[in-house]
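Let's take a walk through this fold together. Pull up the structure and keep the sequence handy as we go.

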Amino acid sequence: MNRAMLRQYTKLVEFLGLTLGPSYEITLHDINGKNSTIVAIVNGSISGRDLDSPPTTMAMKAIADNAAGRDYRINYNGLASGNKVLRSSTYYIKDNGGNLVGMLCINFDDSQFQDITRQLFLLIHPDNYVENNILVRQDVLEEAALGEDTERFNGSVLSAADAVIQETLAEDGVPVDRLTQAEKIRIVARLEERGIFRLKGAVEHVSQTLSSSPASIYRYLSKVRKEKAK
């Protein structure tokens, strides 16, 4: 984002944080080329992030495809540390040419309101009626939050990379030590599609996880990018 946009949206983050209150985390991502940086954050304790935290895998995917055809996404699941389920929304900030230059994200933590709701229902309904008919169960929410469209908030580059790598390995259903070169290339292609290689140090970490040399991963990545460019 240019300086004027950065000032404008930084003030908006501050305004939204004060207006919505402590149950809402507001973050502003500045996208510079292939990289994303959190440049403003309010109530970061909700997801456990700060200005040094890496972008989420969902954010990296949006950067990779330039948030094609989308102006925003609203009310999708976010999964923070401790399996805390958040209601998340993202507004994609684009320049006059339609290029993604930033993201304004709002994450709502309703856990305290769930407890208040439960206590209220227990007061007005007898016996086990609440548990059997009304009670929102956290384990159900967590299971729902494990879907492919869930945004996962990570506290480090390695944890962000691991989230994508392990998910991709699970999809293939093949142990690392039995992966063929073709399967490794396919995994690298999926990681590239999700933007994982936009994280600093990702190539080295992926090479260790896939029991390959960094040179091999760079070679696979080059092959994937050439195929994509055709």
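**Strands around β5**

Start where strand β4 (residues 84-94) meets β5: the two run antiparallel and are joined by 8 bridges. One residue pair to look up here is Lys-94, whose bridge partner in β5 is Leu-100. Together β4 and β5 make a hairpin with 5 residues between them, and in that turn Gly-98 has a positive phi of about 85°. Bear in mind that you're looking at a predicted model.

β5 has another partner, too. Strand β1 (residues 24-32) is antiparallel to β5, with 7 bridges joining them. To find your way along this pairing, pick out His-29, which has Met-103 as its bridge partner in β5. And how many of the residues in β5 are buried? The count is 8 of 9 for this strand (residues 100-108), so it's fair to call β5 mostly covered, since buried means under 20% relative accessible area.

Now for something on the outside. Tyr-72, Ile-74 and Tyr-91 make a nonpolar surface patch of about 350 Å². Tyr-72 sits in strand β3, which spans residues 72-80. Is Tyr-72 buried or exposed? Its relative accessible area is 53%, so Tyr-72 counts as exposed, the cut-off being over 50%.

Zooming out, the protein chain holds 9 helices and 6 strands. It has 230 residues, and 42% of them count as buried. The accessible surface of the chain adds up to about 12,800 Å², with 51% belonging to carbon and sulfur atoms. As for contacts with a separation of 6 or more, 56% of them come from residues 24 or more positions apart.

Definitions and conventions: Residues are numbered from 1 along each chain as its sequence is written. This is a predicted model: local features need pLDDT of at least 70, side-chain atom pairs count only at pLDDT 80 or more; totals for chains, interfaces and linings use all residues. Side-chain values use heavy atoms; hydrogens and water are left out. Helices (H or I, at least four residues) and strands (E, at least two) are DSSP runs, numbered from the N terminus. Buried means under 20% relative accessible area, exposed over 50%, partly exposed in between (1.4 Å probe, protein chains only). Contact means heavy atoms within 4.5 Å. Accessible areas come from the Shrake-Rupley method with a 1.4 Å probe; for residues, only the protein chains shown count as cover. Patches are made of residues with over 30% relative accessible area and no salt bridge: like charges are joined within 9 Å, nonpolar side chains (Val, Leu, Ile, Met, Phe, Trp, Tyr) within 5 Å. A salt bridge is a side-chain nitrogen of Lys or Arg within 4 Å of a carboxyl oxygen of Asp or Glu. Two strands pair if DSSP finds at least two bridges between them.
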